[in-house]
Structures are given as structure tokens and as C-alpha cells.
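Colleague: I have this model open on my screen and would love a guided tour of one part of it. Could you take me through a helix and its surroundings, step by step?

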Amino acid sequence: MMFFAQGWIQCESTVCQQWLAAKHRLRWAVIRRLLPCPVLARHAECSFLLSEDDSGGWPCNQLIDLSVHAIQEARHIDLTPISARMAGRFSYPDSLINVWPGEHYRLLAGLCRTLVPDVVVEIGTGEGLSALSMLASLPPSAKLVTFDVIPWHRYPRVCFLPEDFQGGRLKQITGDLSNEKFFATQAELLSQAELLFLDAPKDGCFEPRFLSLLRNLKRERTTVLVLDDIRQLNMLKVWRELALPRLDMTSFGHFTGTGLALLAVESGG
Ligand SMILES: C[S@@+](CC[C@H](N)C(=O)[O-])C[C@H]1O[C@@H](n2cnc3c(N)ncnc32)[C@H](O)[C@@H]1O
């Protein structure tokens, strides 16, 4: 009976998640129709400009210092070897990975060079561009664990090679970290991450659930959280309500919005 009830709750929550995501997509599709882009651009998104004084987060010197260092590092990082992996498989030029500011890949690499972390976690493996960008700037002893719901070798246009996963520096785990049970199986790893890059579905459901689980986790190390697309309509609420020390780094990251936040050791649990 207990087993049946748990199964039902889980099934109901998945249906609810899908329904909310569909509602979210529809709402923003309508808004986009009503607000056509007034200029020509390869990629355009609409957003809102929001006051900062009444937002959920607050500024932090530690993040400002970290960002200044990471920006200095990013200026000298060259990701051309990764653009060779892209080999014309995207609708945009291979050189895009080296565009900075505007894209976030060099900033992610700059953060790795500045933090010199032992453990990096990424959520949203996708084509592997962000993982490959970070990996090249991590010390040989560091490990990068990337999560997705789709195994990397089945992902369209993936840029990984099987040898990227040899030697133990890079590992992929498949699963949904907004699911409480799966999250619990990965709690130890997540508590050790010094850098956590969140680049998952941005569907209005995953991020609030995952962040709530993450914030309740007792951490072994301070975690620098990097959120992609914080200025996209779907992510405005998540970023605005994130009650943590934080910094909007969009001018030195991804044009769709890059946010940094700090999860201190003592803040979880
Ligand atoms: C924007 S893509 C990631 C791009 C990637 N970081 C890169 O640079 O190539 C978003 C990814 O989130 C994954 N995703 C969707 N739902 C997820 C979930 N619940 N948990 C983890 N990943 C998820 C998608 O399969 C997709 O690969």
C-alpha cells in the first residue's frame, strides 16, 4: 500500500511538472509574439529590466573578487581546440565558443583557473561544450561530473569523444536531480562541489526544485554556483528570488544572462 502511494505521488508530481512546463512555454511564446524584436540579431530573446534593491539576493565582496580574477583569466583563454571539435555541426559558426564576452565558455574556464577546484559539477551535459571548456582549465587531479537525463553518446551533435571519459577526470551521470530520491543518491558529490554550473532545462520547474534541495544540503565545501540564462523569461523568477549572495555577470558571460551565487559551508543542512 505504502509502495503504491509513493509511486502515485511520484507519478502525479511528474505529470504536474510537465503541465507546469507546458503552461510556462505557452505563456512565454505568447509574450514573444506580442513583443517582436526591434533589431536584427542572430539570436534574440525578450526579457524585463528589474530593479535590484528589492530583489531576493545581495552583493558579496567574495564574488566580486572572484569575478575580477576570472575575467582577467578569461581574457587570455583560447578555446580554438574545442571549436575544431564542433566541425560545422551547429547552426552557428564554430568560432562562437571563443566569443567573449557574449558567450560564457571562456568565463567558465576562467572560473576554473581562479578557483582551482577539486570537484566541479555540471547539470546539463548537452553537446559537451561547457564541460570541454572547463576541463581544459582544471588541474590534472580535478574531476568534473556532468549530469543529464540523456546519455552523452545519444545526444545530437555531441562534441565529446569516448576518450574524454577515460582516466576518470570526466564522468557523466544520467538522472534528474530535481527528483528527491535521485538527489539523495548524489548528495555527497554535490556537497563537495566547489563549482556548480547549472545549465539544465530552465522550464520553470526543475530549477526551483533543484535549488531548494541544494540549499538544504549540508555542504562540505563552499560552492560557487553559476546559473546560465538568468535573463531569459523562464529564469527571471528563479534568479530574482534566489536569496543568496550573488552577482549578475551577464556583461562578462552569456548574453542570455550569467549569474554567480555563493553557497557557504554553514548555510546548508
Ligand atoms: C542547454 S543544454 C546544455 C548545454 C551544455 N551545457 C553545453 O554547453 O553543451 C540543456 C541540457 O539540459 C538537459 N536536461 C534537461 N532536463 C534535465 C534534468 N532534469 N536534469 C539534467 N539535465 C537536464 C538537456 O537534456 C540538455 O542536454
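Modeller: Happy to. One definition before we start: a residue is called buried if 20 or more other C-beta atoms lie within 10 Å of its own. Please also keep in mind that this is a predicted model.

Let's look at helix α8, which spans residues 206–215. Its buried residues are Phe206, Glu207, Phe210, Leu211 and Leu214. Because they cover an arc of only 110 degrees around the axis, these residues lie on the same side of α8. What do they pack against? The partners of the buried α8 residues are α7 (187–192), β4 (195–198) and α9 (236–240).

From β4 we can step across to another helix, since the buried residues of α4 pack against β4 too. Their other partners are α2 (61–75), β1 (119–123), α5, β5 (223–228) and β7 (258–263). In α4, 9 of the 11 residues are buried, so this helix is largely enclosed by the rest of the structure. The buried ones are Tyr105, Arg106, Leu107, Leu108, Ala109, Gly110, Leu111, Cys112 and Thr114. Just past the end of α4, Val116 has a positive phi of about 45 degrees.

Now for the core around that helix. In soluble globular proteins, nonpolar side chains tend to be buried together. Here, the largest nonpolar core holds 58 residues, and Leu108, Val120, Met134 and Val226 have the most contacts inside it. Helix α4 (residues 105–115) is the biggest contributor to this core, giving 6 residues. Met134 is a good one to click on: leaving aside residues up to four places away in sequence, Met134 touches Leu108, Ala109, Cys112, Val120 and Leu144.

The ligand is our next stop. There are 19 residues around it, and Gly124, Gly126, Leu129, Ser130 and Pro201 come nearest. The elements that supply two or more residues to this shell are α5 (129–135) and β2 (143–148). By type, the shell splits into 9 nonpolar, 6 polar and 4 charged residues.

For contrast, finish at Arg32, which sits in helix α1 (residues 2–34). Arg32 has 14 other C-beta atoms within 10 Å, so Arg32 counts as partly exposed. If you would like a distance to check on your screen, the C-alpha atoms of Arg32 and Leu233 are separated by 9.7 Å, with their positions 201 residues apart along the chain.

Terms used:
Residues numbered from 1 in each chain as written. Predicted model: local features only at pLDDT ≥ 70, side-chain atom pairs only at ≥ 80, totals over all residues. Buried ≥ 20, exposed ≤ 12 C-beta atoms within 10 Å, placed from the backbone. Helix = DSSP H or I, 4+ residues; strand = E, 2+ residues; numbered from the N terminus. Arc of directions from axis to C-beta. Contact = placed C-beta atoms within 7 Å. Core = buried A, V, L, I, M, F, W, Y, C linked by C-beta atoms within 7 Å. Near = placed C-beta within 6 Å. Nonpolar A, V, L, I, M, F, W, Y, C, P; charged D, E, K, R; others polar.
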